[in-house]
Amino acid sequence: MEEFVNYILQSGNLNTQQIEFILSKAETLELRKEEYFSEAGKIPRFVGFLLKGVTRFCYYNNKSEEITHSFVEENNFVSDQQKFEIQMAASDYIQAVTDCQLLVFSKKNWDEIGNTIVGWKEIENLIVKNCLLKAIERRSPLVSEDATTRYLSFLDQFPGLVNRVPLSYVASYLGITQQSLSRIRKNIR
């Protein structure tokens, strides 16, 4: 819980009473490895903060291939925030890559926080902006770099993650085949 409180305090000032109110609106959710937090075609039920574990955002392309386009590690928000806010069906899947523990807020409770705490919308906007910037910073280099450089950047951005997630997800994220990833890993050892 402390990590969550520290995270939201980076986006704005809240007093103890407001923090306690926010925490009173949260529930803990356990996800087993490979379970979905949110599914494409369904309205997201929660916005969550990842206390433990790793999740990934993925979708299926027009060839029915599964594509991983981002990972979220501990102490970060996990949600399709825009679809959650307007209660619209998600276009991505959010899946637990490892066993996960999340602090989650239902739409009703999230809205109640926004209607009760003055300035919460600004805090929420900063949180969303931070999440988007992280995603862009991590994805942008993948467009122009060669496969080896992309893998080295991945290792730099996600230290230790390569040991926690299947290499097929890493290869998909990097836009290469698993065989190519194996060659790259062999060549840089």
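## Strands, helices and cores in a predicted model

Strand β2 (residues 36-38) and strand β7 run antiparallel and are joined by two bridges. Two strands count as paired if DSSP finds at least two bridges between them. Helices (H or I, at least four residues) and strands (E, at least two) are DSSP runs, numbered from the N terminus.

Before going on, a word on what you are looking at. This is a predicted model, in which local features need pLDDT of at least 70 and side-chain atom pairs count only at pLDDT 80 or more, while totals for chains, interfaces and linings use all residues. Residues are numbered from 1 along each chain as its sequence is written, and side-chain values use heavy atoms, with hydrogens and water left out.

### The strands

Let's stay with β7. Ser38 has Ile94 in β7 as its bridge partner. Strand β4 (residues 55-60) also runs antiparallel to β7, joined by four bridges, and Thr55 stands opposite Ala96 there. Is one face of β7 (residues 93-96) covered, or both? Both are: Tyr93 and Gln95 are buried on one side, and Ile94 and Ala96 are buried on the other. Here buried means under 20% relative accessible area, exposed means over 50%, and partly exposed is in between (1.4 Å probe, protein chains only).

Strand β4 is also joined to strand β5 (residues 66-72), by six bridges, and these two run antiparallel. Five residues lie between the strands in this hairpin, where Ser64 takes a positive phi near 65°. Cys58 has Thr68 as its bridge partner in β5. The side chain of Thr68 also makes a polar contact with the side chain of Arg56, at 2.5 Å. A polar contact is a pair of N or O atoms within 3.5 Å; within protein, one must be able to donate a hydrogen and the other to accept it, and residues adjacent in sequence count only if both atoms are side-chain atoms.

Tyr59 belongs to β4 as well. Its C-alpha atom is 5.1 Å from that of Asp92, although the two are 33 residues apart along the chain. Leaving aside neighbours within four places in sequence, Tyr59 is in contact (heavy atoms within 4.5 Å) with Glu65, Glu66, Ile67, His69, Ser91 and Asp92.

Here is how accessible some of these residues are, with Ile176 and Cys100 added:

| Residue | Relative accessible area | Class |
|---|---|---|
| Cys58 | 0% | buried |
| Thr68 | 1% | buried |
| Cys100 | 1% | buried |
| Ile176 | 15% | buried |
| Tyr59 | 30% | partly exposed |

### The cysteines

How many disulfides does a search of the whole structure find? It finds zero. A disulfide is a pair of cysteine sulfur atoms within 2.5 Å. The closest cysteine sulfur to that of Cys58 is in Cys100, 13 Å away, so it is too far for a bond.

### The nonpolar cores

In soluble globular proteins, nonpolar side chains tend to be buried together. A nonpolar core is a set of buried Ala, Val, Leu, Ile, Met, Phe, Trp, Tyr and Cys residues joined through side-chain atoms within 4.5 Å. The largest one here has 21 residues, and Phe4, Ile22, Phe77 and Trp120 touch the most other members. Two or more residues each come from α1 (2-9), α2 (16-24), β3 (46-52), β8 (100-106), α4 (107-116) and α5 (120-144). The largest share, four residues, comes from α1.

Not counting residues up to four places away in sequence, Ile22 touches Phe4, Ile8, Leu14, Phe105, Ile113, Ile117 and Trp120. A second, separate core has 17 residues, including Val54, Phe71, Val170 and Leu174.

### The helices

Which residues of α1 are buried? They are Phe4, Val5, Tyr7 and Ile8. Seen down the axis of α1, these buried residues fall within an arc of 160°, so they line one face of the helix. The arc is that of the directions from the helix axis to the C-beta atoms.

Helix α6 (residues 147-157) has Arg150, Tyr151, Ser153 and Phe154 as its buried residues. They too fall within an arc of 160° seen down the axis of α6, so they line one face of that helix. At the N-terminal end of α6, Asp146 acts as a cap, with a side-chain oxygen 3.0 Å from the backbone nitrogen of Thr148.

Finally, Ile176 sits in the loop between α7 (167-174) and α8 (178-188). Ile176 and Ala147 are 29 residues apart in sequence, and their C-alpha atoms are 7.2 Å apart in space. Leaving aside neighbours within four places in sequence, Ile176 is in contact with Ala147, Arg150, Ala171, Leu181 and Ile184.
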